[in-house]
Amino acid sequence: MPMANPQDEELQSFGIKPHDEGMHPYPADMPEWQESVFYDWIDESGTLAGHCRVGLHPADNKIWLWLFLTDGDGWVAIEQTHLPYCDFKEDTWAFHHEGLKFERGVPKPLRENTLKVSGMARGISGTHQGQEIRVDVSLHFHAAGAAYSMGEREETGPDGTEYEAKRFEQPMTVQGSMQIGESSHAIEGHGERDHSWGTRYWELMDWTF
């Protein structure tokens, strides 16, 4: 069950601290280094849902953005794996390039996150399959439990420096809106978020959505 107004010590009971919400030091010459956040959500009816991942690859000068949305009648997706890192604002986690915008906010570390995405998606199933369609997402996530660690390690960069690598997840409640084409939907439900930093060898993984 979600925590009722959780205290700071409860939210940090697995060792995750407020500063872990931000970006972390990275090796300037390690292209496989990434820092990413992702959010999953589903409304109370079980028909409106989505997934968004922002993957930062600063040493490789690129960003990955995955956005998958459904209104119960098929899925639409934005899949970009080579967005220009130079258009990303590290302090606000904001990006704007050729009509695609996203922004991740942290109003209250470990308590609240916000996510906004706006751009053109493609239909991959259902009514909009094969179509290009405008989507807009604006969501507010609230902590429903502690941020829990998936393990901590250090990795050595090419410069010989040891860099912290870690991952944590957190159950959340979610409120906001999601628009797919002309259809606008209010969202109130549950979700999960993830924040990780370290090396990832994505080409060795078999992804299915």
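The following paragraphs describe the fold, the nonpolar cores and several individual residues of a predicted model.

The protein chain is built from one helix and 12 strands, and the order of these elements from the N terminus on is α-β-β-β-β-β-β-β-β-β-β-β-β. With a radius of gyration of 17 Å, close to the 17 Å that the globule rule gives for 209 residues, the protein chain is as compact as a globular protein of that length. The C-alpha trace spans about 50 × 40 × 30 Å along its principal axes. Of the contacts in the protein chain with a separation of 6 or more, 57% are accounted for by residues 24 or more positions apart. Buried residues make up 48% of the 209 residues, while the accessible surface comes to about 10,300 Å², of which 50% belongs to carbon and sulfur atoms. As to charge, the protein chain carries 16 positive and 36 negative side chains, and the centres of these two sets lie 3 Å apart.

In soluble globular proteins, nonpolar side chains tend to be buried together. In the present model, the largest nonpolar core has 33 residues, and those with the most contacts inside this core are W41, I63, L65, L67, L69 and F102. Two or more residues are given to this core by each of the strands β1 (33–43), β2 (49–57), β3 (62–70), β4 (75–84), β7 (100–108), β8 (112–123), β9 (132–143) and β11 (162–180). The largest share, five residues, comes from β9. The surroundings of L69 illustrate the packing: leaving aside neighbours within four places in sequence, L69 is in contact with W41, A49, G50, G74, W75, V76, V135, V137, M178 and I180. Apart from the largest core lies another core, of 10 residues, among them I16, A147, F168 and W197.

Two residues, taken from strands β8 and β7, differ in their exposure to the surroundings. A121 lies in strand β8 and counts as buried, because its relative accessibility is 2%, under the 20% limit for that class. Its contacts, not counting residues up to four places away in sequence, are with V76, A77, I78, Q131, E132, I133 and V135. The C-alpha atoms of A121 and L67 are separated by 8.4 Å, although these residues are 54 residues apart along the chain. E103, by contrast, is placed in strand β7 and counts as partly exposed, because its relative accessibility of 40% falls between the limits of 20% and 50%. When neighbours within four places in sequence are left aside, E103 is in contact with T92, W93, A94, T114, L115 and K116. For T114, which is 11 residues from E103 along the chain, the separation of the C-alpha atoms from those of E103 is 8.0 Å.

Two further residues, E169 and S196, are found in strands β11 and β12. E169 lies in strand β11 and is buried, with a relative accessible area of 12%. Beyond residues up to four places away in sequence, E169 touches A146, A147, Y148, M150, E192, R193 and D194. The C-alpha atoms of E169 and R193, which are 24 residues apart along the chain, are separated by 5.5 Å. S196 lies in strand β12 (residues 183–199) and is likewise buried, with a relative accessible area of 1%. The residues touched by S196, again not counting those up to four places away in sequence, are Q34, E35, S36, K166 and R167. Between S196 and L11, which are 185 residues apart in sequence, the distance from C-alpha to C-alpha is 17 Å.

Backbone geometry also deserves a remark. Most residues other than glycine have a negative phi, and most peptide bonds are trans. Against this background, N61 has a phi near 55°, a positive value in a residue other than glycine, and L110 has a positive phi of about 65° although it is not a glycine. N61 lies in the loop between β2 and β3, whereas L110 lies in the loop between β7 and β8. The two loop residues differ in accessibility, as N61 is exposed, with a relative accessible area of 57%, and L110 counts as buried at 2% relative accessibility.

Methods:
Residues numbered from 1 in each chain as written. Predicted model: local features only at pLDDT ≥ 70, side-chain atom pairs only at ≥ 80, totals over all residues. Heavy atoms only, no water. Core = buried A, V, L, I, M, F, W, Y, C linked by side-chain atoms within 4.5 Å. Buried < 20%, exposed > 50% of the residue type's maximum accessible area, 1.4 Å probe, protein only. Helix = DSSP H or I, 4+ residues; strand = E, 2+ residues; numbered from the N terminus. Contact = heavy atoms within 4.5 Å. Rg over C-alpha atoms; globule rule 2.2 N^0.38 Å. Areas by Shrake-Rupley, 256 points an atom, 1.4 Å probe, with all protein chains shown as cover. Lys, Arg positive; Asp, Glu negative; His and termini not counted. Charge placed at Lys NZ, Arg CZ, Asp CG, Glu CD.
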